[in-house]
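Here is a quick tour of a few spots worth a look. Have the structure open and follow along.

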Amino acid sequence: MDIKTLLNNLHEEVSCSVCINTLTDPKTLPCLHVFCLNCLNGIHRTSGRRDVIACPECRMEIQVPGSGNLKDLPTNFRINSLLDALAIKECNAIGVTCGNCNEKSSQSFYCFQCCAFWCKANCISFDNGMKANKEHRVLALKDFKDQDFANILKRE
C-alpha cells in the first residue's frame, strides 16, 4: 500500500472494533488483534474471570498477565506510529497534545528522534535548547510531506 492510500485510510487502520473509536493505548493480544486498553479492561471486569479474557474478535481465551493488569500486555508500536501520523494529518482540525506541557495546539512540531510532539510555546525551545538534542530533526506539522509520514511509519 502506498503512503497516499494509507494516509487516506488511516481511520480504518486505527479503529478499535469494540468502541468503534480511534484506539487509545493500543494493546496487542497473543492472537494479534488490537484493542484499546480501556475496552479490554471493561471486558475483563464484566467477564467474571480474573485469569482469562476472551478476545472480542476471535473469542480466543487469553491469559491475563501475571500482574493481573492488562496494561502489561504488549503495546502495539505500529499502531502508535499510525496514530502519530493521524494526529499530524488532522492537526489543523483538532490539534495535538504537547509531550511536555500537555497543551493542545495546531501549531505544533514533531521531533523524529524523541517521537514526540512539542507546542510552539516554550516547549520546542526547551527541546531544541538541550545540547543532547542539537542533532534532532524537528519539523512543523504544517510542513509535513509524504516522505515525512513514511519516516514516521518506518521508525523502530
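Keep in mind that this is a predicted model. Let's start with N76: its relative accessibility is 15%, so this residue counts as buried, the cut-off being under 20%. You'll find N76 in the loop between β4 (61-63) and α4 (77-89), and its side chain has a job at the end of that helix. N76 caps the N-terminal end of α4, with a side-chain oxygen 3.2 Å from the backbone nitrogen of R78. Setting aside neighbours within four places in sequence, N76 also contacts P26, T28 and V34.

What about the helix that N76 caps? α4 has 13 residues and spans 18 Å from its first C-alpha to its last, close to the 18 Å expected at 1.5 Å a residue. Its buried residues are I79, S81, L82, L83, D84, A85, L86, A87 and I88. Bear in mind the usual helix geometry: with 3.6 residues a turn, residues three or four places apart point the same way.

Next, over to H44, which sits in helix α3 (residues 37-47). The H44 side chain reaches the backbone oxygen of R50 at 3.1 Å. Leaving out neighbours within four places in sequence, H44 is in contact with R49, R50, V52, I53, V64, G68 and L70.

How do the residues picked out here compare for burial? Here they are side by side.

| Residue | Relative accessibility | Class |
|---|---|---|
| N76 | 15% | buried |
| H44 | 15% | buried |
| C36 | 2% | buried |
| C39 | 14% | buried |
| N102 | 56% | exposed |

Now for the cysteines. How many disulfides are there? The count comes to zero. C36 is in no disulfide, and the nearest cysteine sulfur, that of C16, is 3.8 Å away. Why does C39 not bond to C19? The closest cysteine sulfur to that of C39 is the one in C19, at 3.7 Å, and that is too far for a bond because a disulfide needs the two sulfurs within 2.5 Å. Both distances belong to cysteines that are tucked away: C36 counts as buried at 2% relative accessibility, and C39 counts as buried at 14%.

Last stop: N102, in the loop between β5 (96-97) and β6 (104-105). Is N102 buried or exposed? At 56% relative accessibility, N102 counts as exposed, because the cut-off for that class is over 50%. N102 and C119 are 17 residues apart in sequence, and their C-alpha atoms are 8.7 Å apart in space.

Notes:
Residues are numbered from 1 along each chain as its sequence is written. This is a predicted model: local features need pLDDT of at least 70, side-chain atom pairs count only at pLDDT 80 or more; totals for chains, interfaces and linings use all residues. Side-chain values use heavy atoms; hydrogens and water are left out. Helices (H or I, at least four residues) and strands (E, at least two) are DSSP runs, numbered from the N terminus. Buried means under 20% relative accessible area, exposed over 50%, partly exposed in between (1.4 Å probe, protein chains only). Contact means heavy atoms within 4.5 Å. The expected span of a helix is 1.5 Å times one less than its number of residues. A polar contact is a pair of N or O atoms within 3.5 Å; within protein, one must be able to donate a hydrogen and the other to accept it, and residues adjacent in sequence count only if both atoms are side-chain atoms.
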